[in-house]
Amino acid sequence: MSKVVLITGGSRGIGRAISVLAARQGWSVGVNYREDVHAADEVVQAIAGTGGRAVALKGDVAVEADVVGMFEAATRALGPLSGVVANAGVVAPAARLADMSAERMRRVFEINVLGAYLTAREAARRMSESMGGAGGSIVLISSAAARLGSPNLYVDYAGSKGAIDTLTRGLSKELGPEGVRVNAIRPGLIETGIHASGGEPDRARSLGRATPLGRPGTPEEVAEAAVWLLSDTASYVTGGILDVTGGR
Ligand code: NAP
């Protein structure tokens with residue numbers, strides 16, 4: 001029987017690439033999305049078209065009942081989980097902290113921080129050996145912003161990703177004895193729709209040229225790292241935070 005992975009925000013961008021690559025490597029995939037059902041259905045069909053197994057799972061990671069519901073639905077449809085990727089995340093338009101509304105900051109922290117913590121909590125409850133699980137791997141999607149700070153752009157987003165790095169360190173120690181590995185990836189400038197949602201569609205392309213590798217990254221390049229961390233070939237890797245940034 002194939003292993004089962006749930007990927008939050010698995011319908012577009014980096015999450016989509018992780019869904020497709022994981023399926024190609026034999027995982028059954030729960031593809032979570034928040035609102036774009038067409039994108040989610042397209043990934044599920046693309047996976048089915050190559051002989052893989054996937055289901056679309058609607059839910060907002062910032063809403064506890066949705067997170068619990070998507071884990072239950074994934075388990076019902078595909079079987080017990082042994083992989084979880086907390087990937088769903090958002091940015092808001094560039095601004096200085098002095099100009100940020102509480103509403104904007106609350107949304108960024110609720111989706112990026114609370115959403116990842118709830119996702120990781122549900123993963124811990126289901127995969128921990130002392131709770132009847134069979135162990136597994138959790139991959140959290142942080143950002144290079146966590147160490148750069150993103151001044152004059154989105155210090156709220158950068159801080160939300162700093163929380164992901166800290167969660168990775170703490171949770172890996174908590175869950176090591178439970179048979180669950182926990183790692184994070186810090187992508188750099190990756191070509192996805194997230195930049196347009198932050199009001200700068202060309203951001204990855206234009207700033208990517210200034211990285212040591214001289215270009216932005218692709219979602220597929222991040223997916224390679226994520227699917228490796230999910231897999232048993234990373235069996236002695238936990239608490240790691242892997243930069244996929246072209247050297248940025
Ligand atoms: P993206 O292209 O904008 O895709 C975002 C995905 O997350 C979509 O599938 C979206 O689903 C889903 N999503 C958004 N809010 C959600 C919520 N509240 N609940 C559930 N799903 C939600 O983003 P991306 O660039 O692939 O980014 C993926 C992750 O990588 C994020 O955590 C981001 O911070 C991180 N990252 C990206 C970059 C980059 O340069 N792209 C760099 C560093 C880190 P719907 O379409 O249904 O809303």
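1. A quick definition to start: a molecule counts as sitting in a pocket if more than half of its atoms lie within 2 Å of the pocket's grid points. By that test, the ligand here sits in the largest pocket. Keep in mind that this is a predicted model.

2. On that pocket itself: its volume is about 960 Å³. There are 44 residues in the lining of this largest pocket, and Asn87, Gly89, Val90, Thr192 and Ile194 lie nearest its centre. By class, the lining splits into 19 nonpolar, 16 polar and 9 charged residues. Helices H4 (102-127) and H5 (145-148) are among the elements that each supply at least two residues to it.

3. Now the ligand's surroundings. The shell holds 31 residues, with Ser11, Arg12, Asn87, Tyr157 and Thr192 the closest. Of the shell residues, 12 are nonpolar, 13 polar and 6 charged.

4. Some polar contacts worth a look on screen: a polar side-chain atom of Tyr157 is 2.6 Å from a ligand oxygen. Backbone polar atoms also take part, with Glu35 at 2.7 Å from an oxygen atom of the ligand and Gly188 at 3.2 Å from one. On its own the ligand has 910 Å² of accessible area, and the protein covers 97% of that. Two or more shell residues come from each of helix H1 (13-24), strand S2 (28-33), helix H6 (155-175) and helix H7 (194-197).

5. Don't skip the second largest pocket, with about 360 Å³ of space. It is lined by 21 residues, and Leu81, Ser82, Ala134, Gly135 and Gly136 are the closest to its centre. That lining divides into 7 nonpolar, 10 polar and 4 charged residues.

Definitions and conventions
Residues numbered from 1 in each chain as written. Predicted model: local features only at pLDDT ≥ 70, side-chain atom pairs only at ≥ 80, totals over all residues. Heavy atoms only, no water. Near = heavy atom within 4 Å. Polar contact = N/O pair within 3.5 Å; in protein donor to acceptor, adjacent residues only side chain to side chain. Areas by Shrake-Rupley, 256 points an atom, 1.4 Å probe, with all protein chains shown as cover. 1 Å grid on protein atoms, 1.4 Å probe; cavity = no way out; pocket = protein on both sides within 12 Å on 5 of 7 lines; lining within 4 Å. Helix = DSSP H or I, 4+ residues; strand = E, 2+ residues; numbered from the N terminus. Nonpolar A, V, L, I, M, F, W, Y, C, P; charged D, E, K, R; others polar. Points joined across faces, edges and corners; volume = space filled by probe spheres on them.
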